[in-house]
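Student: Could we go through this one together? I'd like to know what stands behind each label.

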Amino acid sequence: MKNVSKYLGAIAVAAAITGCASVPPPTEELALSKAAVANAVSAGAAEFAAPDLSAAQDKVAKADQMMTAKNYEAALWLAEQAHADADVAAARARSAKAHKTALAAEEDSRMLREEINRKSK
């Protein structure tokens with residue numbers, strides 16, 4: 001029974017040590033989130049999805065701070081959240097641009113119909 005207790009104790013210590021192992025620096029995830037923010041900016045998020053873009057930029061800045069503080073778990077979480085926010089910002093910007101383009105095309109079509117009707121009378 002003593003051997004089993006020692007064995008279980010050793011397993012518990014090993015599990016605790018493994019559970020406390022630090023998260024590696026999320027440099028790749030942070031780089032990907034920064035690239036996603038840049039993509040959102042180029043998609044027009046500053047104009048069409050400013051709140052989402054701002055949230056992504058704030059989270060990237062906080063992730064950088066967590067990297068400096070060597071709090072890699074928080075940095076990873078913030079980088080992933082920033083990436084998601086940036087993707088949402090880019091999608092909303094593209095959608096808003098497409099909607100704006102569709103409205104302009106409808107207006108052009110309406111004006112063309114009016115011109116055709118006027119000339120045919």
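Tutor: Sure, let's take the labels one at a time. This is a predicted model, where local features need pLDDT of at least 70, side-chain atom pairs count only at pLDDT 80 or more, and totals for chains, interfaces and linings use all residues. Residues are numbered from 1 along each chain as its sequence is written, and side-chain values use heavy atoms, leaving out hydrogens and water.

Student: What makes the pattern α-α-α-α-α?

Tutor: The protein has 5 helices and 0 strands. Helices (H or I, at least four residues) and strands (E, at least two) are DSSP runs, numbered from the N terminus.

Student: Why are α2 and α4 called roughly antiparallel?

Tutor: The axes of α2 (residues 27–42) and α4 (residues 50–68) come within 10 Å and cross at roughly 155 degrees. Angles over 145 degrees count as roughly antiparallel, so α2 and α4 get that label. Their crossing is left-handed.

Student: Which residues of α2 and α4 make the contact?

Tutor: With contact meaning heavy atoms within 4.5 Å, α2 brings T27, L30, S33, K34, V37, A40 and V41, while α4 brings L53, A56, Q57, V60, A63, D64 and M67. By class, that's 9 nonpolar, 3 polar and 2 charged residues.

Student: How many residues of the protein count as buried?

Tutor: Buried means under 20% relative accessible area (1.4 Å probe, protein chains only), and 21% of the 121 residues count as such.

Student: And what about contacts between residues at least 6 apart in sequence?

Tutor: Among those, 74% join residues at least 24 apart.

Technical notes: Axes fitted to C-alpha atoms, helices over the stretch in contact; angles between N-to-C directions. Parallel < 35°, antiparallel > 145°, perpendicular 65-115°, else oblique. Left-handed = near helix turned anticlockwise from the far one by under 90°. Nonpolar A, V, L, I, M, F, W, Y, C, P; charged D, E, K, R; others polar. Buried < 20%, exposed > 50% of the residue type's maximum accessible area, 1.4 Å probe, protein only.
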